Amino acid sequence: MIRKFTTSLALAAGLLGAAPLVAQAQTTRETRTPPRACAPGGRSLTVTVTGFSNTTGTVRAQLYGPGPAKFLAKGAWTMRIEQIRRHDGPMQFCFPIDRPGEYAVAIRHDANDNHASDWNDGGGFTGNPHLSLLKLKPPFAKTAVTVGDAPVRQSVVMQYRRGLGIGPLAR
């Protein structure tokens with residue numbers, strides 16, 4: 001029983017920093033940034049992220065869609081934006097959207113900016129689905145945001161490991 005539990009924890013630790021909470025940075029740190037800025041009033045998805053554990057590290061937001069076909073598949077994101085975290089408070093990521101549809105955004109906070117996954121990193125998704133060490137990949141339907149012709153705004157609350165669970169930090 002203990003071996004099975006330890007194996008589950010090791011698997012969850014590996015998953016925590018891999019694709020489920022935003023694809024792991026490759027050695028080239030490839031980033032497909034938005035092809036253009038979000039135009040005021042144009043079709044876009046802006047995500048405001050709150051609940052960070054600290055004011056350091058790198059925050060990566062990855063857009064998936066339209067549709068669920070490649071949701072959370074390694075390297076299958078449509079756009080990715082990385083920002084260095086230098087201040088307290090929320091961060092915003094704006095993705096210009098070419099065509100209407102359902103999209104999802106996955107967020108990863110590399111809290112110590114070591115470019116590796118570890119227990120202190122956090123993550124979140126549009127829709128703010130509940131995560132657990134055994135269920136780090138939420139279904140697309142729980143994270144999907146419908147984007148039409150007008151700008152859409154969503155909020156994401158970061159989740160971090162808390163003991164044997166994952167959830168927002170208590171403030």
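Two residues are in contact here when heavy atoms of one lie within 4.5 Å of heavy atoms of the other. The exercises below apply this to a predicted model.

**Exercise 1. Place G42 in the fold and state which residues, leaving aside neighbours within four places in sequence, it is in contact with.**

Solution. Begin with the chain: G42 belongs to the loop between α1 (2-17) and β1. Next, apply the contact rule, leaving aside neighbours within four places in sequence, and the partners of G42 turn out to be D149, A150 and P151. Finally, compare sequence with space for G42 and D98: 56 residues separate them along the chain, while their C-alpha atoms are 9.7 Å apart.

**Exercise 2. Work out the strand order of the open sheet of three strands, and explain why one side of β4 and of β8 is left without a neighbour in the sheet.**

Solution. The order is β4-β1-β8, and the pairing is mixed. Since β4 (91-96) and β8 (152-157) each have a single partner strand, they stand at the edges, and therefore one side of each has no neighbour in the sheet. From one strand to the next the twist averages 20°. Turning to the pairing of β1 (residues 44-50) with β4, one finds six bridges in the antiparallel sense, and within this pairing L45 has F95 of β4 as its bridge partner.

**Exercise 3. Follow Y160 of β9: which residue stands opposite it in β10?**

Solution. Start with β6 (residues 122-125) and β9 (residues 159-162), which run antiparallel and are joined by two bridges; here G122 is the residue opposite Y160. Then move to β10 (residues 165-167), which is antiparallel to β9 and joined to it by three bridges, with G167 standing opposite Y160. The link between β9 and β10 is a hairpin with two residues between the strands, and G163 in that turn has a positive phi of about 65°.

**Exercise 4. Classify the aromatic pair formed by F71 and F140, and say which parts of the chain it ties together.**

Solution. The model holds three aromatic pairs. For F71 and F140, the centres are 5.3 Å apart and the planes make an angle of 75°; because planes over 60 degrees apart count as edge-to-face, the pair is edge-to-face. F71 comes from the loop between β2 (58-64) and β3 (79-84), whereas F140 comes from helix α2 (residues 140-143), so the pair ties together parts 69 residues apart in sequence. Both rings belong to buried residues, and F71 and F140 join Y64 and F125 in one aromatic cluster.

**Exercise 5. Decide whether T146 is buried or exposed, and list its contacts beyond four places in sequence.**

Solution. T146 sits in strand β7 (residues 145-147). Its relative accessible area is 56%, and since exposed means over 50%, T146 is exposed. Its contacts, neighbours within four places in sequence left aside, are G101, E102 and V152. A104 is 42 residues away from T146 along the chain, with 8.8 Å between the C-alpha atoms.

**Exercise 6. Describe the largest nonpolar core, and find which residues V105 touches.**

Solution. This core has 22 residues, and those touching the most other members are L45, V49, L63, F93, F95, V105 and I107. Two or more residues come from each of β1, β2, β3, β4, β5 (101-110), β7 and β8. Not counting residues up to four places away in sequence, V105 touches L45, V47, A61, Q62, L63, F95, G124, F125 and T126. Apart from the largest core lies another, of 12 residues, including W77, F125, L131 and I166.

Methods. Residues numbered from 1 in each chain as written. Predicted model: local features only at pLDDT ≥ 70, side-chain atom pairs only at ≥ 80, totals over all residues. Heavy atoms only, no water. Pairing = 2+ DSSP bridges. Helix = DSSP H or I, 4+ residues; strand = E, 2+ residues; numbered from the N terminus. Axes fitted to C-alpha atoms, helices over the stretch in contact; angles between N-to-C directions. Phe/Tyr/Trp six-rings, centres within 6.5 Å; stacked < 30°, edge-to-face > 60°. Buried < 20%, exposed > 50% of the residue type's maximum accessible area, 1.4 Å probe, protein only. Core = buried A, V, L, I, M, F, W, Y, C linked by side-chain atoms within 4.5 Å.
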